[in-house]
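I opened this notebook to keep a record of what I looked up in the structure, entry by entry. Each entry takes up one topic and stays with what the model gives.

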Amino acid sequence: MFTKDFQLMLIFSSIAIIVLLGVYAIYCRQRAKSFVNTGRVTDIQIWATKSAVIWMVTFVLAFVMVAEFVLSEV
C-alpha cells in the first residue's frame with residue numbers, strides 16, 4: 001500500500017500527463033491547419049495523424065485511470 005502523499009503525487013502526475021497530451025494534440029491540429037493553403041499535403045497529413053493518435057492515447061489513458069479508480073472502490 002502506498003502512502004497518502006505518494007498516491008496524491010501519482011494522481012496529480014497522471015492528470016498533468018493527460019493535460020499535456022491534450023495540449024500537444026491541440027498544437028498538432030493547429031500545426032496541420034497552418035499548412036492548409038501551402039500545398040504541403042504531406043505535412044498536413046503528418047500533423048493531423050499525430051493529433052489523432054495523441055487524442056486516442058489520451059482518451060485510452062483517461063479511461064484506464066477512471067476504470068482503475070472505479071474498480072478499486074468496489
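Entry 1, contacts of M65. I take contact to mean heavy atoms within 4.5 Å. I note at the outset that the model is a predicted one. With that cut-off I looked up M65 and found that, not counting residues up to four places away in sequence, M65 touches S14, I15 and I18. M65 lies in helix α2, and I count M65 as partly exposed because its relative accessibility is 28%. I also looked up the pair M65 and I11, which are 54 residues apart along the chain, and their C-alpha atoms are separated by 9.1 Å.

Entry 2, helix α1. I find that α1 covers residues 4-34, and I wanted to see whether its length fits its residue count. At 1.5 Å a residue, the 31 residues of α1 should span 45 Å, and the end C-alpha atoms are 45 Å apart, so the two values agree. Which residues of α1 are buried? I list I18, G22, A25, C28 and A32, and I note that these buried residues pack against α2, which runs over 41-73.

Entry 3, helix α2. I repeated the length check here: the 33 residues of α2 should span 48 Å at 1.5 Å a residue, and its end C-alpha atoms are 48 Å apart, which agrees. The buried residues of α2 are W47, A48, S51, I54 and T58, and I see that they pack against α1 in turn. I then singled out S51, a residue of helix α2, which counts as buried because its relative accessibility is 0%. Leaving aside neighbours within four places in sequence, S51 is in contact with A25, C28 and R29.

Entry 4, pairs across the two helices. I took L21 of helix α1 and found that, apart from neighbours within four places in sequence, L21 is in contact with I54, V57, T58 and L61. The C-alpha atoms of L21 and W55 are separated by 7.6 Å, although the two residues are 34 residues apart along the chain. I next took I17, also in helix α1, which is partly exposed because its relative accessibility is 47%. For I17 and T58, 41 residues apart along the chain, I read a C-alpha separation of 8.8 Å.

Entry 5, the nonpolar core. Which residues make up the largest nonpolar core? I find five residues in all, namely C28, A32, F35, W47 and A48, and both α1 and α2 supply at least two residues of this core. I followed F35 further, and, leaving aside its neighbours within four places in sequence, F35 is in contact with R40, D43, I44 and W47.

Entry 6, the salt bridge. How many salt bridges does the count come to? The count comes to one salt bridge, in which the side chains of D43 and R40 meet at 2.7 Å, N to O. As background I note that side chains of opposite charge can pair when their charged atoms come close. I also looked up the accessibility of R40, and R40 is partly exposed because its relative accessible area is 43%. Both R40 and D43 appear again in my list of contacts for F35.

Entry 7, the nonpolar surface patch. I find a nonpolar surface patch of about 530 Å², made by L8, I11, F12, I15, V19 and V23. I checked V23 separately: V23 is in helix α1, and V23 counts as partly exposed because its relative accessibility is 48%, between the limits of 20% and 50%. Going back to my first entry, I note that I15, one of the patch residues, is also among the residues that M65 touches.

Entry 8, the segment before α1. I looked up F2, whose place is in the segment before α1. Is F2 buried or exposed? F2 is exposed, because its relative accessible area is 52% and exposed means over 50%. Leaving aside its neighbours within four places in sequence, I find F2 in contact with Q7 and L10.

Methods:
Residues are numbered from 1 along each chain as its sequence is written. This is a predicted model: local features need pLDDT of at least 70, side-chain atom pairs count only at pLDDT 80 or more; totals for chains, interfaces and linings use all residues. Side-chain values use heavy atoms; hydrogens and water are left out. Patches are made of residues with over 30% relative accessible area and no salt bridge: like charges are joined within 9 Å, nonpolar side chains (Val, Leu, Ile, Met, Phe, Trp, Tyr) within 5 Å. Accessible areas come from the Shrake-Rupley method with a 1.4 Å probe; for residues, only the protein chains shown count as cover. A salt bridge is a side-chain nitrogen of Lys or Arg within 4 Å of a carboxyl oxygen of Asp or Glu. Helices (H or I, at least four residues) and strands (E, at least two) are DSSP runs, numbered from the N terminus. Buried means under 20% relative accessible area, exposed over 50%, partly exposed in between (1.4 Å probe, protein chains only). The expected span of a helix is 1.5 Å times one less than its number of residues. A nonpolar core is a set of buried Ala, Val, Leu, Ile, Met, Phe, Trp, Tyr and Cys residues joined through side-chain atoms within 4.5 Å.
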